[in-house]
Amino acid sequence: MAGPLSTVRIIEVGEMVSAPYAAKLMADLGAEVIKVERPATGDRARTRGPFAGGAAHPEKSGLFIYLNTNKRGVTIDLASPRGLAIFEQLISGADVLIHNLAPAEMDRTGFEFERFRRVNPKLVMTSVVPYGLSGPRRDWRTEDLTLWSDGGACYLNGARDHPELPPLKAYGYQAGYQGGGHAAVATMGALFGAARGAGGQHVEVSVQESVAAIIEMANTFWPYMKMVLTRYGAKPVQPLDSFECRDGWIFACCVEEHQWHSFVEVMGSPEWAAEEIFDERFKRGVNYDALRPLLAEWIGKQTVQDLYQRAQARRVPFAPISNLADLVNSEHLRARGFFVDLSHPVAGRFKYPGAPSKLSRTPWEIRRPAPTLGQHNREILGGELGIDARELESLRSEAVI
Amino acid sequence: MNQAPLTGIRVADFTWVWAGPYCTMQLAHMGADVIRVESETRLCVSRVTPPWAGGQYGVNRSGYFNQYNQGKRSIALNLKHPRGREAALRLAAKCDVVINNFAAGVMDRLGLGYRDLVRVRPDMIGVSLTGYGDSGPLHDYVAYGPAQVPLSGMSALTGYRGWPPMHVGFSYGDPNAGTHAAVAIIAALYHRERTGEGQYIDMSQWECTMALIGEGILDYTMNGHQPERDGSRDPSMAPHGLFRCRDMAELVAGTPVDMWVAIAVADDAEFARLAAAIEQPGLAGDERFATLAARKRNEDELEAIVTEWSAARFASEAAEHLQRAGVAAAVCATSRDLAEDPHLASRGYFVELAHPEIGRVKHAGIPWRMSETPCSIRSPAPLLGQHTDEVLTELLGYGAAEVAEMHAQGALK
């Protein structure tokens, strides 16, 4: 069975996380993706760890290898006229072009929708850009941290009892993943429109706006109540917090009233739990400084798996704070076939995180590992675009490919 | 001008809280007619969670609900009442997509599982978005978004150096699962467009969250390594973090609000620009800081020097000054900074539609633009059950007298 996008052809000019993740989401659902990298150095993600075996190597970056499954790779210098001509040949047979070149880079190299549309009128071109293609911060320099911050996510996290400590970023490249996820949604919406006759178009995705769209109540607290949510202020509802058990950490989670009542029973209905200051979810938020030590004391005597199972048996949504080993060894994830074993020609064989969605008729699938730099130049530029061997050699010697 | 790309697609939205509603809002952004099935017998958690418009509680006044249900309609059905359930089946028959994010099995017990619905609509795309997925030994465990971040392994990777695992500050597992579900749904719609075939989609919030730490998981599967928590630092950049600035210029609720600037320096050239911008150009040639390796070795000291500079400035001044010097920096934005952000305003990001109960209030809008099939938020979030009568009579074929009778019987609440 092939994926739902098995008839779709995508060209990706992506670096690091945002556009590559969007293209991976579509590739893993069956789309044919050709990734275009700079000759010699390639995607900057190749320089980022973790590396298989520990030492830096462009074909052993876990970040690159994870984000580029199911893609074939070519190298083309888009700044050279010959390179751009080859690129336009690729575009002419594609349904989608997705990229994350910065707006200034697009201006400088003539990487424009109107130009590519002349080559291919049905092309959906998606630009995943930090601040969008307009506005006063359009050309700001960015890294993942600055966008996670400017989208309002970073300010919300940190140590509740230590306001002297700075806000804390989440692990990894979360602004990039969110920009990529939203870019995949928008690109596929436009692709669906094209299938219904809307033709090609330009889709613009702002990473800052993608982050600002997902920050729970933080984007309405000011307009609604003139309040600023902080990492150290009282959360409206408690407990939603981490606690240390005898053998590890657990996340205690009681959002609905019945969940709290059930948890109190799991604790053996201690006297303090009946006090008026804890008898309603917002009061538990306001009085959390009094509540937390009482919970910590009881939870500290439990073991993680036992408390997890007892809470879940009462429909209370606690969860263990997993280490990576816990994930890879999880019986549940194994039964669902989540992790996928895959061989990479240079980095070796190991497990990858698998399907974020299980489609009954057109399943998610990994068909090939991430490409080595320029791995498919001959196959695609020679075999599919029909550039002959002598011309390929000349392009290579002039560093166009 | 073309219509928004999912115009003509109808979604029966049995979701609640946040993950499912965030998914269906994105479909609504693209023109789908999303009909949320609600009930006053089981109010959506987000309707009873702050912030409240004007500080006043009410089921139609929550910013949490009103932000993430823009552009949808709401009908009230009591699914435990036979006629409420019958209306739900009639609705499903009229819909291309039926989605729920109840715990596994809840819809089956109501007689509204995929197997029941596909009988009335064979080409339907049925979506179940649960915490653990609908198979595997833990499939009937209950999940809430905030617990999915710790469960996924993200918390163990996030935190100050030497500290316990931390959260990420909001219920990140929810919107992320919603986005991944929207990807799967549109892909399935695309397949149906070509082949006429519907299908069933099983989504697990846990699995969607692990997708966001893929490179961390590979560190373990490649090297057997559990990365150390290291605050907001980055192994390949320094400085890389949040630096204290002056408190917000005006008090909020009588108290100062602390402000921070994010700075990320990618290479030695950018570090030289930072050094010049903070009026210490000598740092670029200082052997403690001249190379990435040196800056990583002396990062505490480096952060103290940058903080000395930043702490005397407002965050927005610091960010703008550093940007002019060619350094990646930005305000660590608060709720207020976002709402008052001139960049977002200039891009038309915010939406202020006339809501029947709370009036015009600012909401976050759509993070993408389409040149030929423009997307827009066509209506504010619905009142609870605002469209019950309209949907039952116009779409589901009930007569007005029947609807009145169903109200009287308690089927529509």
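Asp13(B) stands opposite Ile99(B) in strand S4 of chain B. Strands here are DSSP runs of E with at least two residues, helices are runs of H or I with at least four, and both are numbered from the N terminus. The model is predicted: local features need pLDDT of at least 70, side-chain atom pairs count only at pLDDT 80 or more, and totals for chains, interfaces and linings use all residues. Residues are numbered from 1 along each chain as its sequence is written, while chains are lettered from A and ligands numbered from 1 in the order in which they are written.

The pair Asp13(B) and Ile99(B) belongs to a wider register. Ala12(B) stands opposite Val98(B) in S4(B). Strand S1 (residues 10–14) of chain B and S4(B) run parallel and are joined by four bridges. Two strands are taken to pair if DSSP finds at least two bridges between them. S4(B) also runs parallel to strand S5 (residues 125–130) of chain B, again through four bridges. There, Asn100(B) stands opposite Ser128(B) in S5(B). Side chains of strand S4 (residues 97–100) of chain B alternate: Val97(B) and Ile99(B) point one way, Val98(B) and Asn100(B) the other. All four are buried (20 or more other C-beta atoms within 10 Å of the residue's own; exposed means 12 or fewer, partly exposed lies in between, and C-beta atoms are placed from the backbone).

These strands sit in an open sheet of seven, ordered S12(A)-S6(B)-S5(B)-S4(B)-S1(B)-S2(B)-S3(B), with mixed pairing. Strand S12 (358–359) of chain A and strand S3 (73–76) of chain B stand at its edges. Each has a single partner strand, so one side of each is left without a neighbour in the sheet.

Another open sheet of seven strands follows the order S3(A)-S2(A)-S1(A)-S4(A)-S5(A)-S6(A)-S12(B), and its pairing is also mixed. Its edge strands are S3 (71–75) of chain A and S12 (368–370) of chain B, each pairing on one side only. From one strand to the next the twist averages 20 degrees. Strand S1 (residues 9–13) of chain A runs parallel to strand S2 (residues 32–37) of chain A, with four bridges between them. Arg9(A) stands opposite Glu32(A) in S2(A). Helix H1 (residues 18–27) of chain A packs on this sheet and touches S1, S2, S3, strand S4 (96–99) and strand S5 (124–129) of chain A. Contact here requires C-beta atoms, placed from the backbone, within 7 Å. The direction of H1(A) makes about 160 degrees with that of S1(A). Axes are lines fitted to C-alpha atoms, for helices over the stretch in contact, and angles run from 0 to 180 degrees between N-to-C directions. Helix H16 (residues 377–384) of chain A lies across S2 and S3 of chain A, at about 80 degrees to S3(A).

The sheet crosses between chains at S12(B). Strand S6 (residues 201–206) of chain A pairs with S12(B) in the antiparallel sense over three bridges. Val205(A) stands opposite Trp368(B) there. Over the whole interface, 126 residues of chain A are in contact with 133 residues of chain B. Helix H7 (residues 174–195) of chain A gives the most to the chain A side, with 14 residues. By class, that side has 75 nonpolar, 33 polar and 18 charged residues. Ala, Val, Leu, Ile, Met, Phe, Trp, Tyr, Cys and Pro count as nonpolar, Asp, Glu, Lys and Arg as charged, and the others, Gly among them, as polar.

The largest nonpolar core holds 253 residues. Such a core is a set of buried Ala, Val, Leu, Ile, Met, Phe, Trp, Tyr and Cys residues joined through C-beta atoms within 7 Å. Met26(A), Phe318(A), Ile185(B) and Val261(B) touch the most other members. Beyond its neighbours within four places in sequence, Phe318(A) is in contact with residues including Ile250(A), Leu307(A), Tyr308(A) and Ala147(B).

Domain bounds come from an automatic or database domain assignment. Chain A has domain 1 (9–214 + 335–397) and domain 2 (240–322), with C-alpha centres separated by 42 Å. Chain B is divided into domain 1 (10–212 + 343–409) and domain 2 (240–340); their C-alpha centres lie 40 Å apart.

Chain A comprises 17 helices and 12 strands. Its C-alpha trace spans about 85 × 45 × 45 Å along the principal axes. Of the 401 residues in chain A, 55% are buried.

Terms used:
Contact = placed C-beta atoms within 7 Å.
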